[in-house]
Protein chains: 2
Amino acid sequence: MAKQAERRAATSEAILTAAQRLFGTHGFAATTMDDIAESASVAKGAVYHHFKTKEAVFAAVFDQVSRDLVAEIDRTARAEKDVLAALIAGTQHYFAATAKGPIGQIILRDGPAVLGWERWREIDAQHFGGKIPRALSAAMEAGLIARQPVEPLARLLLGAVTEAAVACAGRADIARAGAEYARAFKSLVEALRLPT
Amino acid sequence: MAKQAERRAATSEAILTAAQRLFGTHGFAATTMDDIAESASVAKGAVYHHFKTKEAVFAAVFDQVSRDLVAEIDRTARAEKDVLAALIAGTQHYFAATAKGPIGQIILRDGPAVLGWERWREIDAQHFGGKIPRALSAAMEAGLIARQPVEPLARLLLGAVTEAAVACAGRADIARAGAEYARAFKSLVEALRLPT
DNA sequence: AGTAAAACCGACTGATGGTCGGTAATTACC
DNA sequence: GGTAATTACCGACCATCAGTCGGTTTTACT
């Protein structure tokens with residue numbers, strides 16, 4: 001019954017899998033549509049039948065990778081108790097994950113380059129950044145930090161985290177760097193904490 | 001005497017000027033080398049005689065724009081007295097300038113896309129970010145904030161500022177948004193200030 | 001003037017994103 | 001079950017554009 005749908009799904013997934021591997025290892029610019037088609041054992045026309053442009057393929061890959069990563073982070077953060085502590089733990093996980101080659105390549109390097117900063121920021125914020133405003137609101141509600149407009153502050157912190165992730169990704173001693181930035185981030189967030 | 005040098009400089013500048021205008025208005029991808037050559041009233045070969053690649057042209061433009069902007073910011077910041085206050089004022093100027101179309105296009109959109117995040121971050125940090133570590137060191141020296149590793153904290157703040165600038169650039173009511181983010185940034189920095 | 005070197009020219013090439021007319025598989029309808 | 005319509009897929013072809021290269025003009029030096 002759903003034969004056609006299955007067929008479509010299978011091809012689509014083959015393309016996406018191939019694309020993710022290629023984008024992750026060689027980067028967006030160095031990956032051609034012919035490469036993707038060949039790697040997915042499909043003709044170029046098929047790729048264009050499923051995705052309008054090369055950017056569209058990338059966007060789909062980006063979305064998938066982000067989705068996977070955010071799920072991972074959620075699992076980590078859920079283990080913490082304090083809202084601020086969860087924020088910090090999640091951040092550290094984000095560092096560690098994006099520091100690993102392929103994911104960092106897709107999310108931090110090519111992401112903004114291909115999608116455009118605005119769109120990238122928007123999507124990234126939608127996936128990861130949504131957690132920060134929520135955490136801040138909760139923290140204010142709980143009286144942990146001073147009441148103030150949430151959005152601007154959240155944006156600043158997201159920028160800080162992202163920048164740190166990139167800096168991390170570019171360093172040899174990732175573990176150490178991650179710890180360093182996590183500590184700095186913690187001190188920044190803790191500075192906001194009101195004296196009880 | 002320096003006729004040859006003058007000739008070279010004039011052509012080079014014509015190319016750079018044309019490129020800056022085109023990159024600023026249409027963006028990097030939508031600007032072709034032929035466009036640049038034509039706009040500079042020069043043959044394509046001449047452009048390649050002066051710059052090895054299209055990226056090289058962009059890098060030169062980027063450098064120039066950054067240099068100009070940083071000089072402007074310096075002038076603004078110098079007017080302030082407190083180190084932290086100067087940091088905040090400079091930040092606000094950065095917001096305002098990058099929010100204006102062409103400069104934002106070059107520095108915030110295409111910059112990372114073309115040069116690659118790592119290189120962009122490095123250059124951007126070199127131009128703008130260098131000020132933050134210096135300001136933080138000074139602030140620690142003066143006992144305004146707690147002593148701690150400077151580099152990680154500076155990186156976080158730079159990321160926060162950049163993110164805010166981008167967010168600003170994407171909004172219609174730039175003045176209002178700039179003020180909002182500046183206030184949030186101020187509260188973040190002020191949170192670090194030690195009680196006297 | 002004569003020669004060397006540097007600046008400049010613009011037709012050409014190679015690579016690649018995207019198109020399009022056609023074929024094969026699947027589904028809908030009688 | 002046959003046939004028409006729809007959907008998936010194919011791969012040769014096209015347009016664009018970064019970058020090349022042999023040739024020409026302008027400048028510098030003797």
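**A predicted protein model with DNA strands C and D**

A:Ala182 is buried, at 7% relative accessibility; buried means under 20% relative accessible area, exposed over 50%, and partly exposed in between, with a 1.4 Å probe and protein chains only. This is a predicted model, in which local features need pLDDT of at least 70, side-chain atom pairs count only at pLDDT 80 or more, and totals for chains, interfaces and linings use all residues. Residues are numbered from 1 along each chain as its sequence is written, chains are lettered from A and ligands numbered from 1 in the order in which they are written, and side-chain values use heavy atoms, with hydrogens and water left out.

A:Ala182 sits in helix H10 of chain A, residues 174-192. Helices here are DSSP runs of H or I with at least four residues, strands are E runs of at least two, and both are numbered from the N terminus. Leaving aside neighbours within four places in sequence, A:Ala182 is in contact with A:Gln92 and A:Phe95, where contact means heavy atoms within 4.5 Å. A:Val161 is 21 residues from A:Ala182 in sequence, and the C-alpha atoms of the two are 8.9 Å apart.

The largest nonpolar core has 129 residues. Such a core is a set of buried Ala, Val, Leu, Ile, Met, Phe, Trp, Tyr and Cys residues joined through side-chain atoms within 4.5 Å. The residues with the most contacts inside this core are A:Phe23, A:Tyr94, B:Phe23, B:Tyr94 and B:Phe95. Beyond four places in sequence, A:Phe23 has contacts that include A:Phe28, A:Ile36, A:Val57, A:Phe58 and A:Ile106, as well as A:Lys54 and A:Asp110. In soluble globular proteins, nonpolar side chains tend to be buried together.

Chain A and chain B each give 33 residues to the contact between them. The buried area, meaning the accessible area (1.4 Å probe) that two parts lose on being put together, summed over both, is about 3,000 Å² for this pair, and carbon and sulfur atoms give 68% of it. A:Trp117, A:Leu156 and A:Glu163 supply 27% of the area that chain A buries against chain B, more than any other three residues.

DNA strand C is surrounded by 21 residues, of which A:Gln4, A:Lys44, B:Thr11, B:Ala43 and B:His50 are the closest; a residue is near a strand if one of its heavy atoms lies within 4 Å of it. Of the strand C atoms within 4 Å of the protein, 74% belong to sugar and phosphate. Polar contacts are pairs of N or O atoms within 3.5 Å; within protein, one must be able to donate a hydrogen and the other to accept it, and residues adjacent in sequence count only if both atoms are side-chain atoms. Phosphate oxygens of strand C lie 2.9 Å from a backbone N or O atom of A:Met33, 2.9 Å from a polar backbone atom of A:Lys54 and 2.9 Å from a polar side-chain atom of B:Arg8.

DNA strand D also has 21 residues around it, and A:Thr11, A:Ala43, A:His50, B:Gln4 and B:Lys44 come nearest. Side-chain N or O atoms reach its phosphate oxygens at 2.3 Å for A:Thr11 and 3.5 Å for B:Tyr48. Helices H1 (3-26) and H3 (44-50) of chain A and of chain B each supply at least two residues of the surface near strand D.

B:Ser12 lies in helix H1 of chain B and is buried, with a relative accessible area of 19%. Apart from neighbours within four places in sequence, B:Ser12 is in contact with B:His50 and B:Phe51.
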